[in-house]
Amino acid sequence: MSAAEQRVGVGQGTGSVVEQLRERIRQLQAAPRRYLAVLRTGLSAVDALLPTGGLPLGQVVELCGEAASGRTSLALHAVAAAHQEARLCAWVDGPRELYSPSAAALGVDLERLLIVRPQAPEQRIWAAVQLARSGAFACVVLDLTRGVNPDGRACRVALAEARKLADAAARGGGLLLLLTSPESPADGVVRLRTEARDGDGWSVEVVRSRQGGTGARAELPWSALYPALGLEGGGRLLDVAEDTEDGTPDFLRDQSGALRNGLGILGQRPGRDAPMPPVRQGLDAALPAH
């Protein structure tokens, strides 16, 4: 059963479900693996921003940015890199919006990804702490970008919660990757800010690092983040209304039909929705028939 078909409710799992997960983890970890000290994203310009040459394991790293700034896709690149090393990863989906087909399009092995969608907002930190502390996952992603407060805004991680997260990452030895918004940053050892640039690219800047490199910045074209979309020839990311129904089981999203915030790909958010169809086909599907 793939991660897209598994839905784990925190606090509601039965002994049978837990035992099945344990057995599956034992099977996937049986393959020989090499020692990892850092997790590289596969984007050399991003990895070069950090003195370690990649995202350091055993620590908390924060990806902070607006919607459609590339933060989620960058996290998916890190997860895909861990899967290439035959490691397991977990994703605590606070907004409940991670779209598995899009993750797979960026190289994520869904058989090695555990997606956890807490039933209550306050369980998200607890879930991430337990997953990171277990030592079973090379990378645990905690998405705190939105859907936490009743009004949909993300909330700031309390100091006590930040300490628990840091301790869990240190004990488990894996990377704990936080996805946050600029108005509600966390307390990661490293904070990378992602931004969509005017034009056809995005940027990553080190705004906080206890290991040095603060102020370093890389500007990349969208094609570096989404090579499968074929943007090298001058294609652009479009922002159009979304009014179509998503038929994927267990995918929860507000179908209000409002415009996406920031950039989008034919009404889709980079890293969260399915790969982009041909431009004409996508526009015909998005615009109402006359």
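Two strands count as paired if DSSP finds at least two bridges between them.

**Figure 1. The whole predicted model, with its helices and strands.** This structure is a predicted model. The protein has 8 helices and 10 strands. Of its 290 residues, 51% are buried. Taking contacts between residues at least 6 apart in sequence, 65% connect residues at least 24 apart. The exposed area of the protein is about 13300 Å², and 51% of this comes from carbon and sulfur atoms.

**Figure 2. Strand 4 beside strand 5.** Strand 4 covers residues 89–93 and pairs with strand 5 in the parallel sense. The pairing runs over 4 bridges, above the cut-off of at least two. One residue to find in this view is C89, whose bridge partner in strand 5 is L113. Strands of a sheet pair through backbone hydrogen bonds, and the pairing may be parallel or antiparallel.

**Figure 3. The open sheet of 8 strands.** Read across the sheet, the strand order is 5-4-6-7-3-8-9-10, and the pairing is mixed. Strand 5 (113–116) and strand 10 (217–221) are the edge strands. Each has a single partner strand, so one side of each has no neighbour in the sheet. On average, neighbouring strands are turned by 20 degrees against each other, with direction ignored.

**Figure 4. Helix 5 lying across four strands of the sheet.** Helix 5 (residues 123–134) crosses strand 4, strand 5, strand 6 (139–143) and strand 7 (175–180). Relative to strand 6, helix 5 runs at about 175 degrees. From its first C-alpha to its last, this helix of 12 residues reaches 17 Å, close to the expected 16 Å. After helix 5 comes G135, which has a positive phi, near 80 degrees.

**Figure 5. The buried residues of helix 5.** Which residues of helix 5 are buried? They are R124, I125, A127, A128, V129, L131 and A132. These buried residues pack against strand 4, strand 5, strand 6 and strand 7, and also against helix 6 (159–172).

**Figure 6. Two nonpolar cores.** The largest nonpolar core contains 43 residues. Within this core, W91, L113, L177 and W202 have the most contacts. Helix 3 (residues 71–84) gives the most to the core, with 8 residues. Another core, of 25 residues, lies apart from the largest one, and V116, A127, A136 and F137 are among its members. In soluble globular proteins, nonpolar side chains tend to be buried together.

Notes
Residues are numbered from 1 along each chain as its sequence is written. This is a predicted model: local features need pLDDT of at least 70, side-chain atom pairs count only at pLDDT 80 or more; totals for chains, interfaces and linings use all residues. Side-chain values use heavy atoms; hydrogens and water are left out. A nonpolar core is a set of buried Ala, Val, Leu, Ile, Met, Phe, Trp, Tyr and Cys residues joined through side-chain atoms within 4.5 Å. Buried means under 20% relative accessible area, exposed over 50%, partly exposed in between (1.4 Å probe, protein chains only). Helices (H or I, at least four residues) and strands (E, at least two) are DSSP runs, numbered from the N terminus. Axes are lines fitted to C-alpha atoms, for helices over the stretch in contact, and angles run from 0 to 180 degrees between N-to-C directions. Contact means heavy atoms within 4.5 Å. The expected span of a helix is 1.5 Å times one less than its number of residues. Accessible areas come from the Shrake-Rupley method with a 1.4 Å probe; for residues, only the protein chains shown count as cover.
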